[in-house]
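Please take a moment with the sequence and the model below before reading on. The paragraphs after it are meant for someone meeting this structure for the first time.

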Amino acid sequence: MKFSNPILNCVVAAFLFTSHAVAGEDELNKLFDRLATPELQDWELVERAIWREWSDSGSKSMNLLLQLGRKAMSDGDTKKAIDHFTALTDHAPDFAEGWNMRATAYFGEGLYGLSIADIGRTLALNPRHFGALQGLGRMLEEMDQKKDALKAYQAAFAIHPHRPGLEDSIERLEAEVSGQDI
């Protein structure tokens with residue numbers, strides 16, 4: 001629906017976007033409640049549904065940039081992926097998944113400082129981003145910051161207790177941080 005008053009256009013657009021965001025947030029809350037269930041058998045389906053929600057910016061052009069960046073990543077062209085994700089973060093700075101994917105690409109290039117900065121932005125926009133938390137834990141562990149890595153892994157586990165490798169990483173780091181042999 002198009003109105004002749006530009007201010008009214010903005011108000012209507014904001015309402016539609018907010019309605020979509022609220023509906024999406026309600027759906028995400030339900031998915032996270034299910035994901036936290038310890039005996040959940042179909043956690044992979046729930047996780048995929050969360051990733052689908054996170055991957056929708058609400059803009060076809062921004063979603064295309066995300067898709068192009070992911071394609072470049074899967075093709076092994078992290079530099080091209082970084083370019084796509086940078087365009088995405090420039091044009092949609094409130095879209096957490098753009099920051100997360102650029103963090104992943106930076107990680108692939110060994111640019112941990114830039115990756116950690118983008119993870120910080122991801123988590124500021126989406127504090128429940130278990131993938132970003134797990135990635136942060138991995139980098140901190142590789143940088144021999146074991147206590148901080150453990151905290152990141154524990155935070156990810158509190159959100160997603162089914163995430164592969166998290167429980168093992170926590171147990172291993174708890175033993176290392178406390179000075180015990182594995």
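What follows is a walk through this predicted model, from its nonpolar interior to its aromatic pairs, its salt bridges and one polar contact.

A useful place to begin is the interior. The largest nonpolar core has 29 residues, and those with the most contacts inside it are Phe32, Leu35, Ile50, Ile119 and Phe130. Helices α1 (6-35), α2, α6 (112-125), α7, α8 (146-159) and α9 (166-178) each supply at least two residues of this core. Apart from it lies another core, of 13 residues, which has Leu66, Ala72, Ala92 and Met101 among its members. Returning to Ile50, one finds that, once its neighbours within four places in sequence are left aside, this residue is in contact with Leu28, Leu31, Phe32, Leu35 and Phe130.

Aromatic residues come next, and the count of aromatic pairs comes to six. One of them joins Trp51 and Trp54 edge-to-face, with 5.1 Å from centre to centre and 85° between the planes. Both residues lie in helix α2 (residues 43-54), three residues apart, which is about one turn of the helix. Are these two tryptophans buried or partly exposed? Trp51 counts as partly exposed because its relative accessibility is 21%, whereas Trp54, at 7%, counts as buried because the limit for that class is under 20%. Trp54 also forms a tilted pair with Phe130, in which the centres are 5.0 Å apart and the planes stand at 40° to each other. This second pair links distant parts of the chain, since Trp54 belongs to helix α2 and Phe130 to helix α7, 76 residues apart. Phe130 is buried, as is Trp54, and together Phe32, Trp51, Trp54 and Phe130 form one aromatic cluster.

Charged side chains make further links, and the structure holds 12 salt bridges. In one of them the side chains of Glu97 and Arg70 meet at 3.4 Å, N to O, and this pair links distant parts of the chain, with Glu97 in helix α5 (residues 96-108) and Arg70 in helix α3 (residues 60-74), 27 residues apart. Glu97 is buried, with a relative accessible area of 1%, while Arg70 is partly exposed, with a relative accessible area of 29%.

Another salt bridge is formed by Arg121 and Asp94, whose closest N and O atoms are 3.7 Å apart. Arg121 lies in helix α6 and Asp94 in the loop between α4 (78-91) and α5, so this pair ties together parts that are 27 residues apart in sequence. Arg121 is partly exposed, with a relative accessible area of 30%, and Asp94, at 63% relative accessibility, counts as exposed.

Lys146 and Glu176 form a salt bridge as well, with 3.5 Å between the closest N and O atoms. Because Lys146 lies in helix α8 and Glu176 in helix α9, the pair ties together parts that are 30 residues apart in sequence. Salt bridges that share partners join Asp144, Lys146 and Glu176 into one network.

The last stop is Glu142, which is found in helix α7 (residues 130-142) and counts as partly exposed at 44% relative accessibility. Not counting residues up to four places away in sequence, Glu142 touches Phe107 and Tyr112. The side chains of Glu142 and Tyr112 make a polar contact at 2.3 Å, although the C-alpha atoms of these two residues, 30 residues apart along the chain, are separated by 9.9 Å.

Note on methods. Residues numbered from 1 in each chain as written. Predicted model: local features only at pLDDT ≥ 70, side-chain atom pairs only at ≥ 80, totals over all residues. Heavy atoms only, no water. Helix = DSSP H or I, 4+ residues; strand = E, 2+ residues; numbered from the N terminus. Buried < 20%, exposed > 50% of the residue type's maximum accessible area, 1.4 Å probe, protein only. Contact = heavy atoms within 4.5 Å. Polar contact = N/O pair within 3.5 Å; in protein donor to acceptor, adjacent residues only side chain to side chain. Phe/Tyr/Trp six-rings, centres within 6.5 Å; stacked < 30°, edge-to-face > 60°. Core = buried A, V, L, I, M, F, W, Y, C linked by side-chain atoms within 4.5 Å. Salt bridge = Lys/Arg side-chain N within 4 Å of Asp/Glu carboxyl O.
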